[in-house]
Amino acid sequence: MKIDWAALGSVFGVSLSATVALVALFTLGLVGLSRHEAATERGGAATLARSGAYACFALCAVAVTYGIYLIVS
């Protein structure tokens, strides 16, 4: 059995990058929702924070859907 270490390293690097990016996007979404809640409690309206949070969550959903598509097809 011969292992192609370069291909294995490439797959590892791409997987690690995608995982870090997805976690960062989800974290930004949570921060946006947190800022929206804090602004609402102070009597303000942080619609940009809520919109940004929803956009981050939508990008997470797109990335997960694309990953599932790559696995299935």
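Here are a few friendly questions and answers about this predicted model.

Q: Which helices give two or more residues to the lining of the largest pocket?
A: The lining is made up of Ser15, Ala18, Thr19, Leu22, Ala63, Tyr66, Gly67 and Leu70. Set these against the helix ranges, 5–41 and 47–72, and the elements giving two or more residues turn out to be helix H1 and helix H2.

Q: How many nonpolar, polar and charged residues are in the lining of the largest pocket, and what is the volume of that pocket?
A: Sorted by class, the lining holds 5 nonpolar and 3 polar residues, with no charged residues. As for the space itself, the volume of the largest pocket is about 170 Å³.

Q: Is Ala24 buried, partly exposed or exposed?
A: Ala24 sits in helix H1. Buried would need under 20% relative accessible area, and exposed over 50%. Ala24 has 37% relative accessibility, so Ala24 counts as partly exposed.

Q: What separation do the C-alpha atoms of Ala24 and Cys60 have?
A: Ala24 belongs to helix H1, while Cys60 is one of the buried residues of H2. Along the chain the two are 36 residues apart, and their C-alpha atoms are separated by 9.6 Å.

Q: Which residues in H2 are buried, and which element is included in what covers them?
A: The buried residues in H2 are Ala49, Ala53, Cys56 and Cys60. In an α-helix, residues three or four places apart point the same way, because there are 3.6 residues a turn. What covers the buried residues of H2 includes H1.

Q: What distance separates the end C-alpha atoms of H2?
A: H2 has 26 residues, and at 1.5 Å a residue they should span 38 Å. The computed separation agrees with that expectation: 37 Å.

Conventions:
Residues numbered from 1 in each chain as written. Predicted model: local features only at pLDDT ≥ 70, side-chain atom pairs only at ≥ 80, totals over all residues. Heavy atoms only, no water. 1 Å grid on protein atoms, 1.4 Å probe; cavity = no way out; pocket = protein on both sides within 12 Å on 5 of 7 lines; lining within 4 Å. Points joined across faces, edges and corners; volume = space filled by probe spheres on them. Helix = DSSP H or I, 4+ residues; strand = E, 2+ residues; numbered from the N terminus. Nonpolar A, V, L, I, M, F, W, Y, C, P; charged D, E, K, R; others polar. Buried < 20%, exposed > 50% of the residue type's maximum accessible area, 1.4 Å probe, protein only. Expected span 1.5 Å × (residues − 1). Contact = heavy atoms within 4.5 Å.
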